[in-house]
Amino acid sequence: MNTDILDLRDFYASRLGEIAVRSLAYSLAPVWKPIHDERLVGLGYAVPYLERLTGDADRTLCFMPAAQGAVNWPFGRPSLVALVHPPELPLGDASVDRILMVHALEFAENPGEMLSEAWRVLAPGGRIVLVLPNRRGVWARFEHTPFGSGRPWSRGQATSLLRETMFTPSGFSDALHFPPFRRAAGLRVAGGFERVGRRFWPLFCGAIIIEATKLVYRGIPVTTRERQRLRAIRPVLVPQGAPAPALNREPLDAGPGDPMS
């Protein structure tokens with residue numbers, strides 16, 4: 001079940017949300033390779049991060065899942081937000097250069113289907129950046145942040161799913177190395193926790209960041225029904241000039257004049 005759009009907006013308007021954005025923006029920098037005049041799409045609730053990452057973008061769109069709801073963005077200007085069904089994005093094939101998913105994949109009913117749709121709309125060599133709650137982290141255990149809702153992921157799980165949907169993981173990072181403090185006294189020391197955590201306990205970070213590249217050539221999936229049909233077909237050696245027997249036909253009994261009788 002998706003986190004409500006009002007809960008997301010209120011979290012990022014809080015002091016804890018502001019510190020979380022700084023931590024994630026710092027960790028996004030190593031995997032956010034510049035793309036000149038890129039066409040960028042944010043999927044989920046990527047608004048706080050798009051505001052920091054759209055410097056080189058030719059155009060930017062923000063897609064919010066229908067189950068989550070939507071808010072206007074950017075404020076005071078024509079809206080770039082659309083309410084969408086993630087497995088059916090309103091974009092043409094190979095129409096964008098990069099997709100940033102934040103608070104999206106962990107709420108997906110079918111994560112593989114969501115990534116396959118992202119593969120469709122990305123241009124050849126396009127990139128996808130996932131921000132996911134870490135299943136080993138403290139943030140996944142507290143429900144007062146959006147990272148404590150939905151399905152948490154490990155790096156291995158996310159990497160396997162990306163490869164299954166024809167992406168090549170190419171960059172990793174981590175963020176939110178401090179506990180999700182509620183009180184002001186804890187938030188004042190969050191920066192110190194973050195610096196120490198990056199060095200000594202990165203495995204228990206609150207969020208993992210993965211960049212992956214679209215494979216231009218992808219295999220054709222073979223369903224169970226198709227595999228059964230292929231197994232039913234058997235090659236038959238037929239003498240030259242003789243008609244091939246029909247498939248799945250029962251052999252005739254040998255008659256008295258048959259040389260095989």
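Helices (H or I, at least four residues) and strands (E, at least two) in this tour are DSSP runs, numbered from the N terminus. Axes are lines fitted to C-alpha atoms, for helices over the stretch in contact, and angles run from 0 to 180 degrees between N-to-C directions. Contact means heavy atoms within 4.5 Å.

What you have open is a predicted model, in which local features need pLDDT of at least 70, side-chain atom pairs count only at pLDDT 80 or more, and totals for chains, interfaces and linings use all residues. Residues are numbered from 1 along each chain as its sequence is written, and side-chain values use heavy atoms, with hydrogens and water left out.

**The whole chain**

Start with the cartoon view. The chain has eight helices and seven strands. Of its 261 residues, 45% count as buried (under 20% relative accessible area, with exposed being over 50% and partly exposed in between, using a 1.4 Å probe and protein chains only). Now switch on the surface: the accessible area is about 14900 Å², and 55% of that belongs to carbon and sulfur atoms (Shrake-Rupley method, 1.4 Å probe). If you display contacts between residues at least 6 apart in sequence, 69% of them join residues at least 24 apart.

**The sheet**

Next, select the strands. In what order do the seven strands of the open sheet stand? Reading across, the order is 3-2-1-4-5-7-6, with mixed pairing (two strands pair if DSSP finds at least two bridges between them). Strand 3 and strand 6 are at the edges with a single partner strand each, so one side of each has no neighbour in the sheet. On average, neighbouring strands are turned by 20° against each other, direction ignored.

Zoom in on strand 1 (38-44) and strand 2 (57-65). Six bridges pair strand 1 with strand 2 in the parallel sense. To see the pairing up close, pick L43, which stands opposite F63 in strand 2.

**Strand 7**

Now select residues 207-214, which make up strand 7. Seven of the eight residues here are buried, so the strand is largely enclosed by the rest of the structure. Strand 5 (residues 122-133) runs antiparallel to strand 7 and is joined to it by seven bridges; pick V129 and you will find E211 of strand 7 as its bridge partner. Strand 6 (residues 167-175) also pairs with strand 7 in the antiparallel sense, over eight bridges. Here the residue to pick is F167, whose bridge partner in strand 7 is K214.

**Helices 1 and 2**

Move to the start of the chain and select helix 1 (residues 5-13) and helix 2 (residues 15-28), whose axes lie 4 Å apart at an angle of about 80°. That makes helix 1 roughly perpendicular to helix 2 (65 to 115 degrees, while under 35 counts as roughly parallel, over 145 as roughly antiparallel and the rest as oblique). Show side chains for F11, Y12 and A13 of helix 1, then for R15, L16, G17, E18, A20 and V21 of helix 2, and you have the contact. By class, this contact has six nonpolar, one polar and two charged residues (Ala, Val, Leu, Ile, Met, Phe, Trp, Tyr, Cys and Pro count as nonpolar, Asp, Glu, Lys and Arg as charged, and the others, Gly among them, as polar).

Keep helix 2 selected and bring the sheet back. Helix 2 lies across strand 4, strand 5, strand 6 and strand 7, running at about 140° to strand 6.

**Helix 4 and T159**

Select residues 111-121 for helix 4, where eight of the eleven residues are buried, so the helix is largely enclosed by the rest of the structure. Which residues of helix 4 are buried? They are P111, G112, M114, L115, E117, A118, W119 and V121. Their cover includes strand 1, strand 4 (96-102), strand 5, helix 5 (155-164), strand 6 and strand 7.

In helix 5, click on T159. At 9% relative accessibility, T159 counts as buried. Leaving out residues up to four places away in sequence, T159 touches P169, F172 and I210.

**Backbone stops**

Finish with the loops. Most residues other than glycine have a negative phi, and most peptide bonds are trans.

- P74: found in the loop between strand 2 and strand 3 (81-84), this residue follows W73 through a cis peptide bond with omega near -5°.
- A94: sitting in the loop between strand 3 and strand 4, A94 has a positive phi near 50° and is partly exposed at 33% relative accessible area.
- M166: look in the loop between helix 5 and strand 6, where M166 has a positive phi near 70°.
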